[in-house]
Structures are given as C-alpha cells and as structure tokens.
Amino acid sequence: MSGPSAKAKGSRVEREIARTLGGKRTPLSGADGVNDVTLPTDSMWSSWAVVVKARKSLPAFVMSALAQAEYAVPIGANKHPAVVMKQDRCRPIFACYLEDIVSFTEALAEVGNGAKARSILRSVRRDLDALEG
C-alpha cells in the first residue's frame with residue numbers, strides 16, 4: 001500500500017495509539033522528524049518518545065517469537081507474552097502487546113499512588129499522635 005490510502009492508514013493508527021496512551025497525534029510528524037504522538041507532561045508515558053509504524057504485516061520473526069511467548073503462558077496464568085530481541089552489538093528490544101503494557105503501567109501507577117496515599121496517612125497519624133500527646 002502506498003500513496004493517499006497508506007497515509008490515511010498511518011494517520012488512523014497514530015490517532016488510535018495516541019488515544020490509547022492518553023495523548024494526541026502529532027500532524028506531519030514524519031516530515032518534521034518529531035514523535036508521532038504528543039503526550040501530556042503529567043502522563044505516565046511522558047518520558048517516552050513514541051513513533052508509530054503501521055504495516056500490512058510485521059516481520060515474521062517478531063510475530064513468530066510473540067506467538068511462541070503466548071504459547072508459553074500457562075492457561076489461566078496472570079502473565080502476558082513478551083519478547084526480548086537483541087541484534088549483535090546493539091541494545092536489546094522489548095516487544096509485547098500494547099494493551100498489556102498499558103495495563104501493566106496503569107497497575108504500577110496505582111501501586112505508586114497507593115504508596116503515596118499510605119505515606120500521607122502515616123504523616124497524618126503522626127500529626128494526630130503529636131496533637132493528642
């Protein structure tokens with residue numbers, strides 16, 4: 001696919017990914033050499049530079065490895081498939097399904113918020129103890 005329909009497909013997928021991550025599609029990002037998705041500074045994704053690639057098919061090696069990881073997850077297990085790939089003399093690359101990493105990071109954020117709430121509660125208890133004592 002090339003031409004206007006490929007551009008429309010790329011834009012549509014960029015909007016979908018931006019919506020999933022709580023951001024906005026950056027118009028003409030490829031031409032400007034910037035990220036495809038603009039994320040709010042208070043987003044859990046704000047430290048990521050996101051570029052979106054939409055293709056009819058991804059490399060067979062990647063899809064095969066992800067299928068292998070899915071097969072390795074025991075039925076009923078609370079696990080998500082992921083693949084770590086490493087090219088010689090390069091940094092490893094981590095690949096998984098987007099919805100899995102989104103739910104994982106949301107859970108991490110909740111844990112962080114819980115820790116923050118517990119810290120505030122401890123501080124309030126100390127203040128109350130000081131007032132009572």
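Okay, this is a quick walk through one salt bridge and two surface patches in the structure above.

Before we start, this is a predicted model, where local features need pLDDT of at least 70, side-chain atom pairs count only at pLDDT 80 or more, and totals for chains, interfaces and linings use all residues. Residues are numbered from 1 along each chain as its sequence is written, and side-chain values use heavy atoms, with hydrogens and water left out.

Salt bridge to begin with, meaning a side-chain nitrogen of Lys or Arg within 4 Å of a carboxyl oxygen of Asp or Glu. By that rule we count one: Arg25 with Glu14, at 2.7 Å from N to O. Arg25 sits in strand β1 (residues 24-25) and Glu14 in helix α1 (residues 4-21), so the pair ties together parts eleven residues apart in sequence. Helices and strands here are DSSP runs, of at least four residues (H or I) and at least two (E).

So which of the two is buried? Buried means under 20% relative accessible area, exposed over 50%, partly exposed in between, with a 1.4 Å probe and protein chains only. Glu14, at 10%, is buried, while Arg25, at 23%, is partly exposed.

Now the patches, built from residues with over 30% relative accessible area and no salt bridge, joining like charges within 9 Å and nonpolar side chains within 5 Å. Arg118, Arg122, Arg125 and Arg126 make a positive one. Arg122 is in helix α4 (residues 98-132) and is partly exposed at 45%.

The nonpolar patch is Val124, Leu128 and Leu131, with about 310 Å² of accessible area together. Leu131 is also in helix α4, and at 74% Leu131 counts as exposed.

Technical notes. Areas by Shrake-Rupley, 256 points an atom, 1.4 Å probe, with all protein chains shown as cover. Lys, Arg positive; Asp, Glu negative; His and termini not counted. Charge placed at Lys NZ, Arg CZ, Asp CG, Glu CD.
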